[in-house]
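Please look over the sequence and the structure shown here before reading on. The paragraphs that follow go from one chain by itself to its contact with the other, and then to a sheet.

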Amino acid sequence: MAYLFKNILPYALTGSLLLLGGCASQLDVKPVNTIDAGAAVATSGDVAALLVGAYDALGDLDVYGGNIQRDADLLGDNGEIFFDGTFVAPDEIFRKSMLVNNGQAEVTWLDSYRAINIANNVLANLDVVTEGDRARVEGEAKFIRGTLYFELVRNYAKAWTDGTPSANPGVPLVLEPTVEITEQAKVSRNSVSEVYAQVIKDLTEAETKLPESNGFFATKYAAAGMLSRVYMMQQKYPEAANAATRVIDSKKYSLVNTAEVFDLRVNQNGFNTAEDIFAIQLTSQDGLNALNTFYGAPEYGGRGDILIEDAHLALYENGDRRAELFYVAENGNTYTSKWINQYGNIKILRLAEMYLTRAEANFRNDSSIGASPASDINLIRARAGLSAIPATSLTIGAIMKERHLELAFEGHLIHDIKRTKGTVGGLAFDSPKLVYPIPLRETDANANLTQNPGY
Amino acid sequence: MIRTSLLSFLCCLVFCTAVLAQEARVTGTVTSAEDGSSLPGVSVQVKGTQRGTQTDATGGYSIEAAPNAVLIFSFVGFIPQEIAVGSSSTINVQLAGDIRSLSEVVVTGYGTQSKRNLTGNIAKVSGAEIANTPVTTFEQALQGRAAGVQVTSLNGKLGQGMQMRIRGSSSVTASNEPLYVLDGIPLTSRDQGTSTAPQNPLADINFNDIESIDILKDASAAAIYGARASNGVVLITTKKGKSGKTKFNVSYQMGSSKPTRLRQWLNTAQYVELFSEAVQNGIDAGYLPESYLTGSTYSRFTRYAAGDQAGWENGTIDTDWQAEAFQKAPMGQFDISASGGDDKTRFFVSAQALDQKGILIKNSFKRLSGRVNLDHKATDRLTLGVNVNLARTVNGRLSNDNAFSTPLQIIALPPITPVIDPRTNELSGNYTLYFNPLLNRDFSSNVSTSYRTIGNIFAEYRFANWLKFRSEVGTDIYNLNEDQYFGKETSRNTGAPNGLGFSSWAQVTNYTSNNFFTLGHTFADRHDVDATLGMTFQKSEASFNSVTGQEFPSNAYTKIISSANITAGSSSGSNFSFLSYFARANYRFENKYLLSVSGRVDGSSRFGANNRYGFFPAASVGWIITEESFMEGIPTLSLLKLRGSYGLTGNAEIGNFDSYGLYRGDAGYAGVPGQRPEQIENPDLRWEQTTQTDIGLEFGLFSGRLSGEVDYYIKNTRDLLLNVNVPGTSGFRTQLRNIGNLENKGWEFVLRSDNTTGAFKWNTSLNLSANRNKIVNLDGQVITGGFINRAVEGQPIGSFFSIEYAGVDPDNGDALYYRNDERPDGTFDRTTTNNPNEAQRVIIGNPNPKLIGGISNSFAYKGLEFNILFQGQTGNDIYNGGGKFQSANGDFFDNQTVDQLDRWQKPGDITNVPQARLFGANGTAESSRYLQRGDYLRLKNATLSYNLPSAITNRVKLDRVRVYVTGQNLLTFTKYTGWDPEVNADYLAGNIGLGNDFYSAPQAKTIIVGINLGF
């Protein structure tokens, strides 16, 4: 007995104690897949990676990965397409009967603000960026932020053309990165005009600071092109024509053949054409092309949900090369070829839009900033294999039809209707049914947010 | 372990004084009353002394005892006997075996305790009760067998995750699943797979190896597991060898399964009628063009009918798609075990091969399992041992309930579509309304294989009769491989035109070391003290990798080595550790006043730097009233015991790094690396804390023939680990915080009765539990889940919150909803509207049952035995999220349930089904239209068995031959009109996502026959 107490118990106890001593430090387990936020943004390279993160968030499928563009065409459709899918949210948008808990309205909101927060983090850390890169980094972050606020305000608030923008609630402007969640996170909606002012400020500064060439990232001309859209929404035609002219006159971009505008290969990594001013980059390993998901036939990796109706096909004149950008799939339905390549890039801004925008702005403004409306329109028509329209017989209807056909299924439709005060499916441009609800989840989490009319 | 502790318990009882008297040698043999076989290793003790011995290999013993002495014969699994020596020199004893004698000892975590002296609440289920149940995992076999324990299969897919709730849900965001501990090793029990349909790691356990399952429910029982005990603790103890002749047990069982129920769908004539009407109504209402019926719709019908217009017009095509989702489901299971040993070494070895097909196409489950449990007395004081289990499980898996490819979504296909396209003689493919799941049956594989090693080694050293030290080092290594291939024929579902391959590995290595002292002593013959003191350390390291490839030369190539385009790949990891110190002391005065205190200090890597350690104490008292002298006059009352406990437990089951502010480097773009903020820091993050009060009364009447327990408990959980919805404008969606509290209150009632004894034995066992969950405070948060579930203050967790369906307007067939605007006086506007956006959402139901329970009856006559178990629940609702597609009065072209034929057709029609309107969204909003009561009572298990008489078995040199037939889920009584009321759609299942149905497969009704041979 004594032997045991002398010889074994001490070992047993010491053994256990050693075990205990060794263990306490074992509680310091570091994350494996992630890193500490405090150490994540220390160098210029870290900010560069964060900026890339902002592009990644911008290219999310619920942002510019395609769903924002898809929904603009679903909401603006007047019987030229048919939504044949089962997803409830796009179906409600297509039927113009969104419920307040529409899932797409929720994720587009959340993912847009997620990208904005990353851009805000970039902007808050500009001081660690190498001096030579600083202006470009600032310009890119502001391009992303300005673009997203533009998309938010034109989807979640009354159009600029509807009532008084300074009195209509827009979306909350958050311009600082979130480091903690306090009561201050419960922000209120800024007015439509305040949001537009911020958009123009961001995009203008971006245009100033961005370089002329920047790989596939945002350039000076991407910012100018986006500005032209903003001004069109505000019916500020001279500003819009000037912004478009800055892009066209840069001579950085050129129109390509109709068959080459869109990537008609299948299952191949995307590339930018000479016509692309800004596009979301996709590869088979990164990014999802939501436009392929919904417009693409099953044999091309899509769900085949959006069918092209005869009403649309009938709009093309004989000989219009763009009428060839459709195909009949194995299931017998007709689809657009624009998004046939599931790994193809998603075009956000391309040169043809600049000509169409300038033509329309000049025509409405009765001016010829950069060029005459007829010469711009006929450039687009010539590319499509169509005859020129004499300047004397050019009408706004012809310009708008050209725009409609050239930019079909690229996310312009509902916004063109709203800014031109058109109608859709029997609804006036200012119908509350054409404005997204502030997501229910968001008004639940933040009582300071007012809901849109009709929800 | 049970045995050692029982011995030390007996040692304690007899520790103090030795009686000096005239002594003589007494010899004899101990045999089993059941079969007359000799019982080696039986403890023979002279009452009131330390003197004792054990029976030898032939059951014989020899001991010195005085004539006035009393001998105690005790053995695990048998009822102890006391026999006065008197003048006899030979005393032969027959010990009666009984399952209930096992339940006299409960496993408490780092020890065991006599049920009689227990002051906490532990439900025990013996392995014998669940052995050979024809299910894949032991939790299913527990259904209805333990009070306060609710077990739910998510659906009828084999190998699928389960939900277990012990005394309700104690958390909103952290896990609500109990801690599972097998032979001292905390198990990896959470899903580690990549599918949103969880896979159950506990299905690797061969439950025929299980000796007992002890479920720690109240704070006194569970606090020894500290920060992981709030949801209860399930202690699994595996079988140990018994010294004596080596006993072999061989069994084989086979059978087959069918779905518990099918639903009724429209046939071709009904389908064409309903949808033609729905289109015409759309035309009449002006939102569909005049030509839509004869043009678009008829051509659509013809397209769906594989181009065969007559097929849908005349009903020559009339497909019962539902039948195609199911397959023949045979199962076979082979078990063999051997146990034995001598007085120094005991062993138990077992092997199992299970091969089962699921009721759904492509669903299967195979398990190979082997176990060795060995213990060896190196010296009088030192015992060494090892328990090792190796298992391999191969699970043919299915897509989650939300996938077009999951078999039961097949019912959405119209009956006008043929299974085989006559134009190609191949499965109907691209032209069908949705993806045809049969393509997955023929052109895909989805197999998960797990390799599991659970084992420990231990040493126990007895310093003195009153003190021993035990050290265990254990590990649970879980390797999961998922291997999937989807051929080009499934491209409509996968988006991959030429095949998609996926392969992943998960490895979770979980180490545990338990080191503890056990003390026991009796002072002055009436103060019994025992105590446990120790520490434990656990570390879990997980690593995951996966790769996805597309573009395969043909379906003959299914591994990613043949893929021309590797589209995704990933590796990742995650670790956690716990360091804990624990202590427990039990004190008993004169065998009638009981006191127990316990506590655990838990440190975890999961928690913020400011709150890394927590202390979890508990105390309980008991009073065995029948031991009081004033009770002696009531002989019918054999036991009356009052007990109460109070204590604190924690819940640490959150993500491993939730307290950190984190950046993630997965935000690359077009090949350029990128990073992003992912999570907001919370250094104050700490455990959820649950205080639980439990008052219990145990009673026994008529010498224990009728016994029972009644418990009332209140569980208050505070500092809820809450994923709080933050304004999305912050760039984040949620933050994990300690906010809010909730409570569970409830009753548990357990009754056991030996209705008849003698040749015809009839036992009844009943358990009923009523739990009420209420969320008290969420800081005003509303947390949503499922389709319409939410956690909201003042309501039970997961309450269904939606607009309220008000039926159909008899004038125009519009679906109506109650407006339910709350007026200033607190009443609600009960006028109706046909615009769902104008109706306010209210609480419309509760997924938590008000009452759960089970009742089992066992009848035995000679060798014949019949066991029957009913299980059920009541007071809960089920939301069918698929209703808006399945029963949508022709809103889209999905096939409809036959009840949709009751649609409104003309003014004055009184019905609950609105007018059929294609694309009309008439009544398809999420609403109480798709909510139903989920009450059910189920004949869970019935087993008829026959033990051949030993006269016959002896002739063939067998100890035992038992043949049996078992039925599982034989009958279900419910008003729920879906497939099965035991449901929770796999991809939505969670703390808040409760009671949802979404094309979820019914449970299997299984009938098997089997034979056991013992020799």
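A residue is called buried here if 20 or more other C-beta atoms lie within 10 Å of its own, and exposed if 12 or fewer do. The model is a predicted one, and by this definition buried residues make up 53% of the 455 residues in chain A. Chain A holds 18 helices and nine strands, and its C-alpha atoms fill a box of roughly 115 × 50 × 45 Å when taken along the principal axes. Where contacts in chain A join residues at least 6 apart in sequence, 68% of them link residues at least 24 apart.

What lies in the interior can be followed through the nonpolar cores. In soluble globular proteins, nonpolar side chains tend to be buried together. The largest nonpolar core in this model has 131 residues, of which A:Ala54, A:Ala115, A:Val122, A:Val153 and A:Ala223 touch the most other members. Helix 6 of chain A gives the most to this core, with 11 residues. Leaving aside residues up to four places away in sequence, A:Ala54 touches A:Ala115, A:Ile118, A:Ala119, A:Val122, A:Ala141 and A:Ile144. A second core, separate from that one, has 78 residues and includes B:Leu187, B:Val233, B:Ile454 and B:Val726.

A contrast to these buried positions is found at A:Gln184, which is placed in the loop between helix 7 (131-156) and helix 8 (192-209) of chain A. Is A:Gln184 buried or exposed? A:Gln184 counts as exposed because 11 other C-beta atoms lie within 10 Å. From C-alpha to C-alpha, A:Gln184 and A:Leu210 are 32 Å apart in space, while in sequence they are separated by 26 residues.

One part of chain A also carries a label from a record: an unreviewed UniProt entry gives the annotation "domain: RagB/SusD" to residues 333-421 of chain A. In the model this span is 49% helix and 9% strand, and its end C-alpha atoms lie 32 Å apart.

The next step is to ask how many residues each chain brings to the contact between chain A and chain B. Chain A contributes 70 residues and chain B contributes 66 residues. On the side of chain A that touches chain B, at least two residues come from each of helix 2 (9-24), strand 1 (34-36), helix 3 (44-58), helix 6 (103-124) and helix 18 (440-445) of chain A. Helix 6 of chain A gives the most to this side, with eight residues, just as helix 6 of chain A gives the most to the largest nonpolar core. Sorted by kind, the residues of the side of chain A that touches chain B comprise 36 nonpolar, 21 polar and 13 charged.

The two chains are also joined through strands. Strands of a sheet pair through backbone hydrogen bonds, either parallel or antiparallel. Strand 1 of chain A runs antiparallel to strand 32 (residues 662-664) of chain B, and three bridges join them. Within this pairing, A:Thr34 has B:Arg664 in strand 32 of chain B as its bridge partner.

Chain B has an open sheet of four strands, with antiparallel pairing and the order 3-2-5-6. Strand 3 (52-54) and strand 6 (81-84) of chain B are the edge strands, each pairing on one side only, and the twist averages 20° from one strand to the next. Between strand 2 (residues 43-46) and strand 3 of chain B, which run antiparallel, there are three bridges, and the bridge partner of B:Ser43 in strand 3 of chain B is B:Gln54.

Technical notes: Residues numbered from 1 in each chain as written. Chains lettered and ligands numbered in written order. Predicted model: local features only at pLDDT ≥ 70, side-chain atom pairs only at ≥ 80, totals over all residues. Contact = placed C-beta atoms within 7 Å. Nonpolar A, V, L, I, M, F, W, Y, C, P; charged D, E, K, R; others polar. Pairing = 2+ DSSP bridges. UniProt positions renumbered as here; feature names shortened; annotations may be inferred. Axes fitted to C-alpha atoms, helices over the stretch in contact; angles between N-to-C directions. Core = buried A, V, L, I, M, F, W, Y, C linked by C-beta atoms within 7 Å.
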